[in-house]
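Me: I would like to go through the reasoning behind a few labels. Show me the model first, please.

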There are 2 protein chains.
Amino acid sequence: MFQSKLFTKTQKEPPKDEAAINAQYLTRGGFIYKNSAGVYSFLPLGFRVIQKIAAIIREEMNAIGGQEILMPALVEKKYLDATGRWDVDVGFEVSGKKDKSADFVLGWTHEEVLTAIAGKYISSYKDLPFAAYQIQTKFRNEPRAKSGLLRGREFMMKDLYSFHADESGLNRYYEQVRAAYLKIFERVGLETVYTVAAGGDFTAENTHEFQVLSPVGEDTIFVCAKRDYAENKEISKLKSGDNCPSCGGKIEEQKSIEVANIFPLGTKYSQAFNLQYSKKSGEKADVAMGSYGIGLGRVMGTIVEVFHDEAGIIWPESVAPFQVHLLELGASGQKIYDALLKAGIEVLYDDRDESAGAKFADADLMGIPYRAVISAKTGDKIELKRRGEEKTELVSLKELVLESSSKSKAPNSK
Amino acid sequence: MFQSKLFTKTQKEPPKDEAAINAQYLTRGGFIYKNSAGVYSFLPLGFRVIQKIAAIIREEMNAIGGQEILMPALVEKKYLDATGRWDVDVGFEVSGKKDKSADFVLGWTHEEVLTAIAGKYISSYKDLPFAAYQIQTKFRNEPRAKSGLLRGREFMMKDLYSFHADESGLNRYYEQVRAAYLKIFERVGLETVYTVAAGGDFTAENTHEFQVLSPVGEDTIFVCAKRDYAENKEISKLKSGDNCPSCGGKIEEQKSIEVANIFPLGTKYSQAFNLQYSKKSGEKADVAMGSYGIGLGRVMGTIVEVFHDEAGIIWPESVAPFQVHLLELGASGQKIYDALLKAGIEVLYDDRDESAGAKFADADLMGIPYRAVISAKTGDKIELKRRGEEKTELVSLKELVLESSSKSKAPNSK
């Protein structure tokens with residue numbers, strides 16, 4: 001894409017109303033725009049990042065048999081009354097302009113809605129197991145929406161729900177989802193700690209969170225030195241210096257960002273909706289369920305919190321809006337641009353009439369993995385620099401193509 | 001996909017609470033589920049259709065320079081107060097569970113929001129023109145939501161907005177969008193009539209609609225025999241039998257479904273938000289704008305209204321959930337299934353233990369373009385039938401691949 005055509009621009013100063021690093025850099029780079037507290041627009045660069053994250057999540061959900069659907073944001077009272085979740089504080093109520101009685105809440109989760117749908121299709125053990133997911137907009141009336149994309153009042157979420165004949169089937173699938181989530185976070189570049197946590201409004205059972213250690217995290221977890229065992233402080237009886245119950249290593253208290261959570265719901269929702277199936281024997285039994293969420297915007301914000309320096313963002317290649325940022329400085333980059341596109345590489349081509357300093361600063365801020373400079377000095381070659389590294393090298397077009405496509409695999413070619 | 005794994009099932013009887021053909025067939029086929037009046041879920045088959053439609057729209061929007069973004073559903077009062085559209089009846093108000101004062105309306109359109117965003121980035125004539133679009137969920141408090149996907153209270157929409165230095169730039173782009181829309185509707189299989197209409201809550205100017213002639217349409221238009229000129233009854237002084245002001249042909253009154261509309265907004269919104277730019281001369285001027293919508297669910301519903309028979313849906317290949325419906329009747333279709341997947345063809349494989357009659361009825365209802373039957377009778381061959389045609393023929397695997405992939409081009413290979 002020609003940078004001169006991009007309708008957004010970078011800004012030098014951080015926005016005054018944003019304290020979080022992710023919101024500051026994403027706003028300055030033109031990735032997002034704050035419409036209201038906790039309510040953001042994804043601008044062209046930001047939308048590309050969200051789409052990359054979505055594509056990776058889709059692939060891993062499809063790989064474990066998830067069937068993609070799309071449920072509505074308008075959730076009628078009858079659904080939430082069935083489980084007593086109509087009056088939960090995070091709900092936004094919806095009413096008509098004239099008729100002010102509230103019939104709908106804006107969905108902050110979809111257990112009830114999908115359980116009702118499943119009731120139409122599940123009758124026999126032959127109909128189980130299955131899993132369905134959506135990538136859909138959720139709403140939560142957050143009193144403290146001050147962390148940029150980490151805590152939104154409107155946000156995109158992937159929510160998967162699974163339906164099983166019994167707890168053992170649920171438990172097996174739960175482990176498959178855990179493995180799929182680990183793959184997703186590995187692919188987007190985030191190291192996560194699998195953490196035992198409470199069930200909140202969802203279940204009386206323990207649940208599990210995927211936590212990314214970060215000083216800006218709003219969660220506190222107790223985690224062992226090996227990172228293979230952790231408990232959320234809200235349920236934990238551990239304290240710093242204790243021995244890990246799993247590996248014996250020392251337990252530390254850490255701040256962390258919750259990027260995903262998974263819930264063994266058991267039969268709570270199926271009982272509320274009378275979702276039963278007939279066993280081979282003819283006997284009726286409750287369906288066992290699990291639910292599994294990932295916040296896409298929160299993943300994007302967390303990536304920025306983890307991968308940045310004083311000059312801007314450093315995107316992992318798998319989620320970068322473009323692979324190559326081509327800067328022309330007094331010599332046309334058009335031929336190189338055309339050649340890179342032809343090689344299937346995503347390029348942001350800075351064809352603007354700006355100073356070298358301004359172009360370099362924008363490139364650092366936007367954080368595209370490969371910076372390729374064409375100038376009078378570079379001759380037939382291209383000056384290549386990886387974002388986050390100091391070293392520059394003169395390479396040929398062929399070398400640039402090889403280098404920048406080596407790790408920038410499309411989501412479906414890992 | 002294995003049909004035995006699909007969590008939805010077909011149903012023989014039309015749902016009692018749906019009068020519209022599109023809702024009846026889409027519900028019976030397992031494409032959609034009605035959650036509330038005018039509020040639907042897209043189930044796996046329906047979601048695939050919506051994604052096909054979205055991909056075609058995206059391609060044509062990108063081809064005319066549209067930059068994809070995503071704006072929020074929560075639209076704060078300050079935005080709509082600027083244009084006096086806060087208290088429009090179609091708006092759903094949003095409020096907290098405790099604090100009942102309404103701060104947000106659910107976006108039923110995004111002129112105000114994007115105009116405010118554009119104000120951050122437009123200062124000079126050099127920043128114009130540009131166009132941005134989103135595929136996003138809209139909400140309208142429709143009193144009569146009885147037409148299935150044709151009139152929803154929550155629905156997916158593609159909305160494009162363009163920004164120009166003057167009216168002549170706007171008018172040129174308006175014609176580009178018109179051409180792109182014609183391509184989109186041609187690709188999804190719909191014949192549309194370009195119709196002069198009123199501006200509603202959007203503009204005092206005349207606007208244009210893309211109308212699909214259909215007895216179930218809620219609009220009435222006056223259209224000439226050649227279909228190259230039409231006016232919406234709400235603004236027209238024409239009557240049946242008049243001569244067409246364009247071609248001289250006879251004018252007829254027709255019912256039709258509005259699948260898209262485009263609006264030359266002029267400077268209404270830029271004036272409300274003080275969105276100005278500096279000309280080369282240094283003089284300030286208002287930005288000229290256009291907005292351009294397509295309802296994705298409505299397009300899907302319209303396709304069903306136009307393409308069906310007494311047995312079910314007849315999907316155009318470009319938007320079909322799968323290209324081939326492979327039915328095994330007493331002989332395994334697994335090898336053929338594997339071979340078709342390898343050839344890149346999307347296949348729904350009916351591997352269920354059902355009667356031939358049940359499988360044929362489901363295939364007709366679901367409307368996948370090519371029905372391929374494997375049975376003891378077919379031997380090495382496959383019995384191929386196109387949905388909507390009577391003729392069956394015995395073909396080889398190679399012929400099946402050639403036939404079913406000939407028109408089932410991926411959206412990006414038209």
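Me: What makes you say that the copies meet through the same surface?

Reply: This is a predicted model. In it, 100% of the interface residues of chain B are also interface residues in chain A, so both copies use the same surface.

Me: Why is the relation called a two-fold axis?

Reply: A turn of 180° and a shift of 0.0 Å along the axis lay chain B on chain A, with an RMSD of 0.0 Å. That is the relation of a two-fold axis.

Me: Which residue of chain B comes closest to the rotation axis?

Reply: Val94(B), whose C-alpha is at 2.3 Å.

Me: How do you know that β19(B) and β20(B) pair?

Reply: Pairing needs at least two bridges. Here 4 bridges join β19(B), residues 324-329, to β20(B), and the two strands run parallel. In one of the bridges, Val324(B) has Val347(B) as its partner in β20(B).

Me: What makes β20 and β23 of chain B edge strands?

Reply: The open sheet has 5 strands in the order β20-β19-β21-β22-β23 (chain B), with mixed pairing. β20 (347-350) and β23 (392-395) of chain B each have a single partner strand, so one side of each lacks a neighbour in the sheet. From one strand to the next, the twist averages 25°.

Me: How do you know that helix α9 of chain B packs on the sheet?

Reply: Contact means C-beta atoms within 7 Å. Helix α9(B), residues 356-366, touches β19, β20 and β21 (370-375) of chain B. The direction of α9(B) makes about 175° with that of β19(B).

Key
Residues numbered from 1 in each chain as written. Chains lettered and ligands numbered in written order. Predicted model: local features only at pLDDT ≥ 70, side-chain atom pairs only at ≥ 80, totals over all residues. Axes fitted to C-alpha atoms, helices over the stretch in contact; angles between N-to-C directions. Contact = placed C-beta atoms within 7 Å. Least-squares fit on C-alpha atoms with pLDDT ≥ 70 in both.
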